[in-house]
Amino acid sequence: MAHMLEKIDRKGNDATSFCNGDNLKGRKPSKLDMESDRISCLPDHIIDQILSHLPIKDAGRTSVLSSIWRNKWSTQPDLVFDKQCAPVATSGLPSVIKIKFLRMIDHVLLLHSGPINKVKISDSGRHIIDMNSVADIDRWILHLTKRSIKKLVLHFCFQFQQRYKIPWCLFSCQSLQGLKLYYCWLKPPTTFEGFRNLKSLKLKQVTMAQDAFENLISGSPLLEKLILSDCIGFTQINIHAPNMWFVEIVGKFEGISFDNTPQLANVFVNQTTQSRLHRCSSNLVNFFDHLPNIAVLVIHSYFIKILLADVVVPVKLPTPCINLTSLSVCINFNDLKEISAGLCLLKSSPNLQVLGIFARLEKHADLLTPVSYCWEDIFSEPIMSFKLERVMVGDISGTKSELDFIRFILLYSPVLEKMTVEPVVNFTSELMTELIRFRRVSGQAEIVYLAKDSS
């Protein structure tokens with residue numbers, strides 16, 4: 001596309017005449033014209049696809065190609081305003097860059113003549129958009145809600161941890177199917193009952209009250225995908241969503257509960273702190289009770305510890321996870337309770353094929369000793385062999401409990417194809433020698449040792 005613009009300029013044609021179509025008036029297009037402008041003869045859907053891969057600034061430049069292209073850019077359904085279309089800092093004045101960026105968005109939204117499917121506004125951390133831009137953002141959102149926008153992404157970070165407050169007009173936009181908000185403050189009106197067509201929601205560094213969050217989730221019956229990252233204001237994650245199939249939660253929270261989530265198949269949880277565990281409302285058994293169709297599960301950092309607070313770890317879950325094929329869990333190998341929980345999940349997942357176990361080191365943790373720890377008591381023979389095909393064991397330091405776990409997996413995984421072991425930095429090669437000596441029930445099992453670079 002850029003070559004075509006350059007070709008026009010080299011011929012000496014006036015850009016204004018191309019934009020107005022003056023070069024085509026009064027004469028029939030010649031064979032040379034047709035051959036040199038073969039791209040304009042493409043079907044409309046192909047041209048639209050070409051334009052969709054261009055930054056909005058470059059898409060607008062195509063209006064000078066010919067009268068056919070004059071208004072093509074203004075009907076593109078997806079509009080992305082990010083660093084690719086931000087003005088270059090030639091003046092050295094941030095205020096000038098900001099004014100040009102805001103005016104460009106105003107200009108595009110004003111001239112756009114077709115339906116708008118998606119809009120993304122992002123300054124990529126350049127602070128082009130700041131608290132002084134709030135009135136502009138409010139105006140854009142009001143305009144987009146009137147255009148029945150389907151997907152909206154707002155990604156800008158104000159200085160001094162300030163948050164952009166989402167205007168009430170957005171909560172009345174029932175055409176929304178996808179919403180991604182970063183560093184915002186959501187305070188819906190009391191009349192808000194959810195987004196009835198919303199299917200995908202991502203909130204990162206968003207401030208929101210507990211009741212507002214629960215109303216948002218329960219009031220969006222078509223919600224399928226939810227991503228929460230380091231949100232503020234709600235600490236209990238209560239999810240009531242009959243069509244939900246994907247959940248990712250990262251941050252500090254006190255508990256997670258699922259209710260009426262029969263379709264939920266992919267769950268990723270990363271609890272970044274172990275504080276306030278005494279207020280936790282989740283435990284190992286009730287967490288899995290409402291995940292009958294879980295297929296992929298990732299439990300990292302401290303979440304397994306939260307699930308085990310004040311509970312006795314069962315040998316197996318009351319209801320087996322028959323659809324679980326991929327499991328990744330982070331445990332403390334100096335805690336018998338957490339080791340037992342890992343084994344409980346293994347024995348409760350008869351069709352598990354991919355396993356990731358990552359050691360979590362905790363300060364002031366007491367090491368397991370031969371007096372307090374017995375391999376035969378913990379790693380007893382399972383009722384049936386595991387169906388594991390690939391296993392990843394990471395961040396280990398070579399303690400007895402870690403090696404015993406690896407030995408247990410090798411002994412009871414007859415179809416194991418590959419086990420990857422990655423120790424912590426600066427660990428001696430003696431671990432590899434120890435691993436090679438372990439007996440493997442699978443004749444094709446390969447052990448791959450990944451030594452981290454201490455540099």
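The following conversation between a trainee and a mentor goes through some features of a predicted model and the reasons for the words used to describe them.

Trainee: How do you know that Arg 139 and Asp 106 form a salt bridge?

Mentor: The closest N and O atoms of Arg 139 and Asp 106 are 2.9 Å apart, and a salt bridge asks for a side-chain nitrogen of Lys or Arg within 4 Å of a carboxyl oxygen of Asp or Glu, so the pair is called a salt bridge. Side chains of opposite charge can pair when their charged atoms come close.

Trainee: What parts does the pair of Arg 139 and Asp 106 tie together?

Mentor: Arg 139 belongs to helix H7 (residues 134-146) and Asp 106 to helix H6 (residues 94-111), so this salt bridge ties together parts that are 33 residues apart in sequence.

Trainee: Why is Arg 139 called partly exposed?

Mentor: Its relative accessibility is 40%, and the term covers what lies between the buried limit of under 20% and the exposed limit of over 50%, so Arg 139 counts as partly exposed. Asp 106, with 25% relative accessibility, counts as partly exposed by that reasoning.

Trainee: Which other salt bridge does Arg 139 make, and where do its two residues lie?

Mentor: The side chain of Arg 139 also meets that of Asp 136 in a salt bridge, at 2.9 Å from N to O. Both residues lie in helix H7, where they are 3 residues apart, about one turn of the helix.

Trainee: Is Asp 136 buried or exposed, and what makes it so?

Mentor: Asp 136 has a relative accessibility of 15%, and buried means under 20%, so Asp 136 counts as buried.

Trainee: How many salt bridges are there in the whole structure, and what do Lys 400 and Asp 404 contribute?

Mentor: A search of the whole structure finds 6 salt bridges. One of them joins Lys 400 to Asp 404, with the closest N and O atoms 2.8 Å apart, and both residues lie in helix H13 (residues 400-411), 4 residues apart, about one turn of the helix.

Trainee: Why are Lys 400 and Asp 404 described in different words, partly exposed and buried?

Mentor: Lys 400 has a relative accessibility of 45%, so it counts as partly exposed, whereas Asp 404 has a relative accessible area of 4%, which is under the 20% limit, so Asp 404 is buried. As for salt bridges that share partners, they join Asp 106, Asp 136 and Arg 139 into one network.

Trainee: What makes Lys 180 a residue that can belong to a surface patch?

Mentor: Lys 180, which lies in strand E5 (residues 178-182), has a relative accessibility of 36% and counts as partly exposed. A patch residue needs over 30% relative accessible area, so Lys 180 passes that cut-off. The positive surface patch is formed by Lys 150, Lys 151, Lys 180 and Lys 225.

Trainee: How do you know that strand E1 and strand E2 pair?

Mentor: Strand E1 (residues 78-81) and strand E2 (residues 118-122) are joined by 4 bridges, and pairing needs at least two, so E1 and E2 pair. They run parallel, and the bridge partner of Leu 79 in E2 is Val 119. Strand E2 is also joined to strand E3 (residues 151-155) by 5 bridges, in parallel, with Ile 121 standing opposite Leu 154 in E3.

Trainee: Which residues are on the covered face of E1, and which are on the uncovered one?

Mentor: Leu 79 and Phe 81 make up the covered face of E1, while Asp 78 and Val 80 make up the uncovered one. In a regular strand the side chains alternate between the two faces of the sheet.

Trainee: What makes E4 and E8 the edge strands of their sheet?

Mentor: That open sheet has 3 strands in the order E4-E6-E8, with parallel pairing. Strand E4 (164-165) and strand E8 (207-208) each pair on one side only, and they are the edge strands. E4 pairs with strand E6 (residues 184-186) over 2 bridges, and Lys 165 stands opposite Trp 185 in E6.

Trainee: Why is Pro 242 called partly exposed, and where does it lie?

Mentor: Pro 242 lies in the loop between strand E10 (236-240) and strand E11 (246-251). Its relative accessible area is 28%, between the limits of 20% and 50%, so Pro 242 is partly exposed.

Note on methods:
Residues are numbered from 1 along each chain as its sequence is written. This is a predicted model: local features need pLDDT of at least 70, side-chain atom pairs count only at pLDDT 80 or more; totals for chains, interfaces and linings use all residues. Side-chain values use heavy atoms; hydrogens and water are left out. Patches are made of residues with over 30% relative accessible area and no salt bridge: like charges are joined within 9 Å, nonpolar side chains (Val, Leu, Ile, Met, Phe, Trp, Tyr) within 5 Å. Accessible areas come from the Shrake-Rupley method with a 1.4 Å probe; for residues, only the protein chains shown count as cover. Lys and Arg count as positive and Asp and Glu as negative; His and the chain ends are not counted. The place of a charge is taken as NZ of Lys, CZ of Arg, CG of Asp or CD of Glu. Buried means under 20% relative accessible area, exposed over 50%, partly exposed in between (1.4 Å probe, protein chains only).
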